[in-house]
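Student: I have a structure open and would like to go through it. Can we start once it is on screen?

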Amino acid sequence: MAALTPISRKPVSFYVPTVAAGGAVAGMFVGTAQGSTLLGIVGGALIMAAAAYVLTQIIKAETPGRWGLAILCAVAGFALGGLPAGLIGAAFGWFFGWFSFWLYEGRYRAYLAPYLTPGQVLWHYTFRVICGAILVFLITPIIVVMPLSFNAQDFFTFTPEMLRFDPAGYSIKHYEDFFTNSDWQGALANSVKIAPAATLLSVSFGTLAAIGLSQAHVPFRRAIMAILISPMIVPLIISAAGMYFFYSRIGLQGTYLGVVLAHAALGIPFVIITVTATLVGFDNSLTRAAANMGANPVTTFFRVQMPLILPGVISGGLFAFITSFDEVVVVLFVGSAGQKTLPWQMFTGLREQISPTILAVATILVIISIGLLTVVELLRRRSERLRGMSPG
Amino acid sequence: MSDATEQSGPMLAADGRPLKASLNRALRRQKLRALMLIAPLLIFVLVTFIAPIADMLFRSIENQIVSDTLPRTTADLADWDSETGELPPPETFEALYKDIFIATERKLHTRLGSRLNYELTGVSSLFRKSGRKVEDMGEVYQDQFEDLNDFWKKGENWSQMMGSDDWNAAMAAWDDRSDTPQPVFEPRSGMAQMLPETTEMYLTFADFVQNEDEDNLAKEDPWAIVYSALYTDLGNGADVSGYTGPGSRELQEAEATAGEFEFVDYPAAFEDIDEDWLDIEVWQTIQIYSPEFTSGYFLNAIDMKKGLDGAEMRPENEQLYIKLFIRTLIMSLVITGSCILLGYPVAWILANLPARTANLLMILVLLPFWTSLLVRTSAWKVMLQQQGVINDTLVWLGVVADDSRLALINNQTGTIIAMTHILLPFMILPLYSVMKTIPPSYLRAAKSLGATNWTAFWRVYFPQSVPGIGAGSILVFILAIGYYITPELVGGTTGTFISNRIAYHISSSLNWGLAAALGGILLAVVLGLYWAYDRIVGIDNVKLGG
């Protein structure tokens, strides 16, 4: 994005107090951790104000100045609280170096419309900080789990060794436990058996029905759609209760078949939604052209229609797979101990004997989700590009 | 002239049919083909999903267990007027004796006891106790018959007397150890007229021995209740003089002496077992819950019960479910509210940033969406603990003292934090797709016409984003109201939802009817919202990821 506004240097009376305010906030945390909040606030403000002034008015060279401040703060932090504090200090130093020059050079105005008032500029950046905080809230739990899974102790928090980056504080013993413990391996095997079977069922039925639903004249389309989507809407506990009662009556409760059927039903809405979305852009004259050239309906489907809607079918299948792979409520009721899946094992692990192996499993699952997410995103962009809907 | 009439007639298709009919036929075919494609899935969903839900709803009103287990008693009680404050007549007690005796042999009395215990506490132990002791009442007669003549001691004598000659011959020919099924019992002709009660009881006994126990009926000693029935028949003046089959001599002897037998006073005998049998409330409960269908479970689910004159509220200290429903609704609203609060700014910035940056940030929203629910719940469990990451950080920063760590888990706070995080993507994604369609020039136009920032947002931008808020809110609310896993793991006792109670009734208290009724109410709420969602957004427009 090109700069919208010419930038100019700002007076000392503007940026030094601003940096000082930032320093006071940072100093407050450091001070509290060291025992005196007030001293921290005053000290942080003074040090950062001085640093900002020295950097911009005396040193003037930006790159060495910023590096110098970062190193200085890192050393100070290391002296106060060892390696972790040193890293935090370096981060603070780097930030304040950048912040001082950003304000001093007036770079914050560059990409904003020239007519904005100072209040609007302030709000613009405050709003971004708020959004950043919310995104941090979204991602933190997933980020925190990963390092904790390498904990050498059976604790659920960072030990002092881990914070010192002492190699003794880390180990892969929870991963070893996951790969050797028969409970976890049995659960993994069950998940790997059930999820693909359920996916296959929901994808094959779901794709056919989605093709049917996207024809021009479908009687009771709304009602049929409502029924097919309902497994996604009805609370899982109600589906689970109903299936438990009904499957016990017909002897499916506690069997693999029962769990697979239940999971297939839960995955169907996702297949329907993604495949119908892909079919919206499908040009029906292609099938007519194929028929015109003598292809029978089956050939037309596999050689013409299927390759074009394949991305939608695959992402629907991935949704169905992840639904079954993550599902715990229904399997808890419809399955018996013989069909214990990975989420079920995690659920009992969390409710009864809390074992850090769960964190190792969680990390592995997060990595699997990242892989699936990448595939789905790539497919979605590909199909949008093919349809010429978006340039990306 | 005639040419013109022909041309103004119906237009014809190539095959000579009227065009209209031909088109109609093509349309019908098209519809049929679409339906054929949908049919397999529709049948699949109907069988694996809709049928279970219907079955659950049926269970919430089904109540056959009472009339199935106590057929005689419930039939007798139909004429009893409980308002008089008098106990049912002794005949009803006798009917109860028969019903409980048979139920005990079939081991059904404890199930009925637990069923009625939902309505009146204490009935469960009353039935269990009665099941143990009811045999004694029959043995009074059994002992006297057996003292009178050793003939009555042997099961063979009974089966020869009660069974037809053909059946006895078939039984004699049947090999006990072979796999061929036992010849089905057939009563001696005329027996049912001569000794109606005895025949009825013996038939029940024979059916049980042959079909449930799978023992040899010819050798099995009859239940004590058969002796009671024989006594009743003889006391009713059964005419056994014309009978000449096996045991005719012993039967005549018994008829002559039966008048001198010690007899059982059923009300007194039941009082002996437990005084509660003289409590009119027990009988009222049995009477109220005799019909095959009941609204009892639904009344129970809204803290009411069936009284003598219709539904009434339960006592204050037994009220539970209305509070739980209200708590579920309030917490779901709070979660929806915090999702709007957190989701709106993020959706706005995603919709207004340049595409490349927005796509990058979108990953931060989609990653939690794709991550296993249990992973996220366990992450929150780990972070929110007393010794967890958040409390540790707060203590390190000195915000809270080490000895007053915040209780963030196993209460409502824990549930709200964790569920807001889990459901936030479901708010951001619909909001984003709506905001994406609002041209940013509208805001600039409003400002150039003199609107302040706030006015421009509130009067121009916000009204256009309301559909997104509506879609996201209903989605989040529907998902929140039925959540089970997260409240179960981080909710403790105060942060649980109605779903946790349903799960408890299915797996722990085994009160399936009540679980089904609670589920039915929850389902009604959700379907109402689903309908609203369909009206506002349309189910076809549900989008997944971006």
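The chat below goes through the contact between the chains, the cores, the salt bridges and some single residues.

Student: What kind of model is this?
Tutor: It is a predicted model.

Student: How many residues from each chain take part in the contact?
Tutor: Chain A gives 96 residues and chain B gives 93 residues.

Student: And what area is buried between chain A and chain B?
Tutor: About 8700 Å² is buried between them, and carbon and sulfur atoms give 81% of that. On the chain A side, A:Leu138, A:Ile233 and A:Phe245 supply 8% of the area buried against chain B, more than any other three residues.

Student: How many salt bridges are there between chain A and chain B?
Tutor: The count is two. In a salt bridge between the chains, B:Asp55 meets A:Arg249 through their side chains, at 3.0 Å from N to O.

Student: How many residue pairs are in polar contact between chain A and chain B?
Tutor: There are eight such pairs, counting those with both residues at pLDDT 80 or more. As for where the chain A side comes from, its largest share is 15 residues from helix α4 of chain A, which spans residues 118–148.

Student: How does the side of chain A that touches chain B split by class?
Tutor: That side has 74 nonpolar, 13 polar and nine charged residues.

Student: New topic. How many residues are in the largest nonpolar core?
Tutor: The largest nonpolar core has 157 residues. Among those with the most contacts inside it are A:Ile237, A:Phe333, A:Met346, B:Trp370 and B:Leu423. Helix α21 of chain B, residues 412–435, provides the largest share of this core with twelve residues.

Student: Is there anything general to say about nonpolar side chains?
Tutor: In soluble globular proteins, they tend to be buried together.

Student: Back to the core. What does A:Met346 touch?
Tutor: Leaving out residues up to four places away in sequence, A:Met346 touches A:Trp184, A:Ile358, A:Val361, A:Ala362 and A:Leu365 in chain A, and B:Leu374, B:Val375 and B:Ser378 in chain B. There is also a second, separate core of 67 residues, which includes B:Leu112, B:Leu217, B:Val226 and B:Tyr289.

Student: How many salt bridges does the structure hold over all chains?
Tutor: It holds 16 over all chains. One of them joins A:Arg107 and A:Glu62, with the closest N and O atoms 2.7 Å apart.

Student: Where are A:Arg107 and A:Glu62 in the chain?
Tutor: A:Arg107 is in the loop between α3 and α4 of chain A, while A:Glu62 is in helix α3; they are 45 residues apart, so the pair links distant parts of the chain. A:Arg107 has 28% relative accessibility, so it counts as partly exposed. A:Glu62, A:Arg66 and A:Arg107 are linked in a network of salt bridges.

Student: What about a salt bridge in chain B?
Tutor: B:Asp99 and B:Arg72 meet through their side chains at 2.9 Å, N to O. B:Asp99 lies in helix α5 and B:Arg72 in helix α4 of chain B, so the salt bridge ties together parts that are 27 residues apart in sequence.

Student: Is B:Asp99 buried or exposed?
Tutor: B:Asp99 is buried, with a relative accessible area of 1%.

Student: And which others in chain B form one?
Tutor: B:Lys153 and B:Asp150 do, at 3.5 Å from N to O. B:Lys153 is partly exposed at 41% relative accessible area, and B:Asp150 is exposed at 53%.Student: Next, where does B:Thr486 lie?
Tutor: B:Thr486 lies in helix α24 of chain B, residues 485–490. B:Thr486 is buried, with a relative accessible area of 0%. Apart from neighbours within four places in sequence, B:Thr486 is in contact with residues including B:Leu373, B:Thr377, B:Ala418 and B:Met419.

Student: Last topic, the backbone. What is phi of A:Lys60 near?
Tutor: Phi of A:Lys60 is near 70°, a positive value in a residue other than glycine. Most residues other than glycine have a negative phi. A:Lys60 is in the loop between α2 and α3 of chain A, and A:Lys60 is exposed at 55% relative accessible area.

Student: And what is phi of B:Lys107 near?
Tutor: Phi of B:Lys107 is near 60°, again a positive value. B:Lys107 is in the loop between α5 and α6 of chain B, and B:Lys107 counts as exposed at 65% relative accessibility.

Note on methods: Residues are numbered from 1 along each chain as its sequence is written. Chains are lettered from A and ligands numbered from 1 in the order in which they are written. Side-chain values use heavy atoms; hydrogens and water are left out. A nonpolar core is a set of buried Ala, Val, Leu, Ile, Met, Phe, Trp, Tyr and Cys residues joined through side-chain atoms within 4.5 Å. Buried means under 20% relative accessible area, exposed over 50%, partly exposed in between (1.4 Å probe, protein chains only). Helices (H or I, at least four residues) and strands (E, at least two) are DSSP runs, numbered from the N terminus. Contact means heavy atoms within 4.5 Å. Buried area is the accessible area (1.4 Å probe) that two parts lose on being put together, summed over both. A salt bridge is a side-chain nitrogen of Lys or Arg within 4 Å of a carboxyl oxygen of Asp or Glu. A polar contact is a pair of N or O atoms within 3.5 Å; within protein, one must be able to donate a hydrogen and the other to accept it, and residues adjacent in sequence count only if both atoms are side-chain atoms. Ala, Val, Leu, Ile, Met, Phe, Trp, Tyr, Cys and Pro count as nonpolar, Asp, Glu, Lys and Arg as charged, and the others, Gly among them, as polar.
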